[in-house]
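Notebook open, model loaded. I want to see how a pair of helices packs, then work outwards to the whole chain.

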Amino acid sequence: MKLRTYRAMSNLTQHEIAQKLGVSELSIIKYEGGTNMPSRETMLRIYEMTGGLVTPNDFFDLESKPVNQTMSPPTNTFVAAGLMSGTSMDGIDGTLMITDGEKLIKDIGSYSLDYESSFKSLLKACEQAVLQNEGDLKKARLDFNKKHKSTTFEAVIEKSTDLHARVITQLLKKTGYKAKNIDIVGYHGQTLFHRPNNGITIQVGDGQRLADEIGISVVYDFRTNDVHHGGQGAPFAPLYHKALANQAGLTPVVIANCGGISNITVIGTTDKELYAYDCGPGNTLIDRFVQSKIGKEMDKDGLYGSKGKVVEKVLQALRQKAIKLKDGSNYLDRKPPKSLDVNDLKLIPEVNALSLQDGCATLEAFTAQCIVESLADLKYPIPKFWIVAGGGWKNKMITSQLEQRLKDTLGPELRLQHADQVGWSGKAMEAQIFAYLAVRSLRKLPLSLPGTTGVPKPLTGGKLVFPNHEIKKASKAVRSLLNQ
């Protein structure tokens, strides 16, 4: 048993280990002998005390002797990985955590892979083909394959899946875990099209291929069930945000995420006060503008915008024209819950006529303005503590514009902090969401709520696949849960 090994390496007695963990010495003897199972809380303390040497799965794998049935069921706690490639298509973030999909969240580590520019271009071309065919994948494949002689639509998606498998491999190397120690992987896939009002949301990626390659069970296709039941299919972060905030004692709070699109989760003081929606653009319009002007990918750290000025007349034009939907309505006039596709965002002529610096400054102000303006639709008091997460907040102009506009709206007592400042991983949070949701999916718990996606009732979702379609290759914890 690894706990016995750790004790020997650390030159500690069973009594000293028991004192460190706050349990009896008899419990330590039983843990080491495999005749008893620690509670979930003790498992987590053991994991922290041993620096990750002893994981919950080291207890789950005990087969030689019966487990004391009075202890907490081990199937409530899982070692879960999460994978996320966002709408900006910059790369893949992977993360590893211990979680029960409810209150317990313990970060283990993360790893990121940046896409090569050539592959990013192919992904963008797939997205464009799907967009031009209004979400008809069959027609999109045909169009893409006609235009690209060196590859196919299917090959690009296979490559995307394989890169996600590489992230898992590197994540395990970095954290010292083996595939057999991982219970489940939450695989978001790559969003190519999102039209929830038409009942369509498309995240491509082969969940079965991924499970076969990494030898770990996979949950994927998180959003479809929500959309098919009348929900917006986004945002899916709120339940994870709420669990994080509750665990840290940070409620009431607003968590603002800025990626390709910006969205917020508002967490009040009661369980009913959970509200979330996409606000408007995050980085998308800024990135497109910089690319069109000088061929670079972004306004890194807000360098260009900080040298320009916000042109109010153009800011007003953006408000009126930049997010017109297919039906002619303005997204910004819609009431939440609501979600947005990056392909609904448009650069308007008034912005393109500006200098690089003024254009960036104005678009950065627009991102912040959309977030603040959306607060008018909230049904209860807005918390004055805000936590920002996502790559967009590295842009100092967006952050400063948001902070100033929030203070103008909510008052000078407004407090804004970055996720890293409260002990969370701002970069890994999107991937963490899908590790957490994978466990909720396994346990048939809701992934979305009426106040988050507009679905009529709390709804679970996701599809579960096993390596080579064989349930016997799932971890013992997963098999135990499924057999309940």
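**Helix pair.** I started with α8 (residues 153-175) and α9 (residues 207-214), which pack at an angle of about 40° with their axes 9 Å apart. For the record, axes are lines fitted to C-alpha atoms, for helices over the stretch in contact, and angles run from 0 to 180 degrees between N-to-C directions. Helices (H or I, at least four residues) and strands (E, at least two) are DSSP runs, numbered from the N terminus. The crossing of α8 past α9 is right-handed (the near helix is turned clockwise from the far one by less than a right angle; anticlockwise would be left-handed).

Which residues meet there? From α8 I listed Glu 158, Thr 161, Asp 162, His 164, Ala 165 and Ile 168; from α9, Arg 209, Leu 210, Glu 213 and Ile 214. I sorted the residues of this contact (heavy atoms within 4.5 Å) into 4 nonpolar, 2 polar and 4 charged. My classes: Ala, Val, Leu, Ile, Met, Phe, Trp, Tyr, Cys and Pro are nonpolar, Asp, Glu, Lys and Arg charged, and the others, Gly among them, polar.

**Ground rules.** This is a predicted model, where local features need pLDDT of at least 70, side-chain atom pairs count only at pLDDT 80 or more, and totals for chains, interfaces and linings use all residues. Residues are numbered from 1 along each chain as its sequence is written, and side-chain values use heavy atoms, with hydrogens and water left out.

**Confidence.** I checked pLDDT (the predictor's confidence in each residue, from 0 to 100): the chain mean is 91, and 95% of residues reach 70 or more. Over residues 61-75 it is below 50, yet this stretch has 23 contacts in the model beyond near neighbours in sequence.

**Two more helices.** In α12 (residues 284-294) I found Thr 284, Leu 285, Ile 286, Asp 287, Phe 289 and Val 290 buried (under 20% relative accessible area, 1.4 Å probe, protein chains only; exposed is over 50%, partly exposed in between). Their cover includes β8 (261-267), β9 (274-281), α14, α15 and α16. Just after α12, Gly 295 has a positive phi of about 80°.

In α13 (residues 312-321), Val 314, Leu 315, Ala 317, Leu 318 and Arg 319 are buried. These pack against α14 (349-352), α15 (356-374) and α16 (396-410).

**Whole chain.** I count 19 helices and 12 strands. Of the 484 residues, 57% are buried. The C-alpha trace spans about 75 × 60 × 40 Å along its principal axes.
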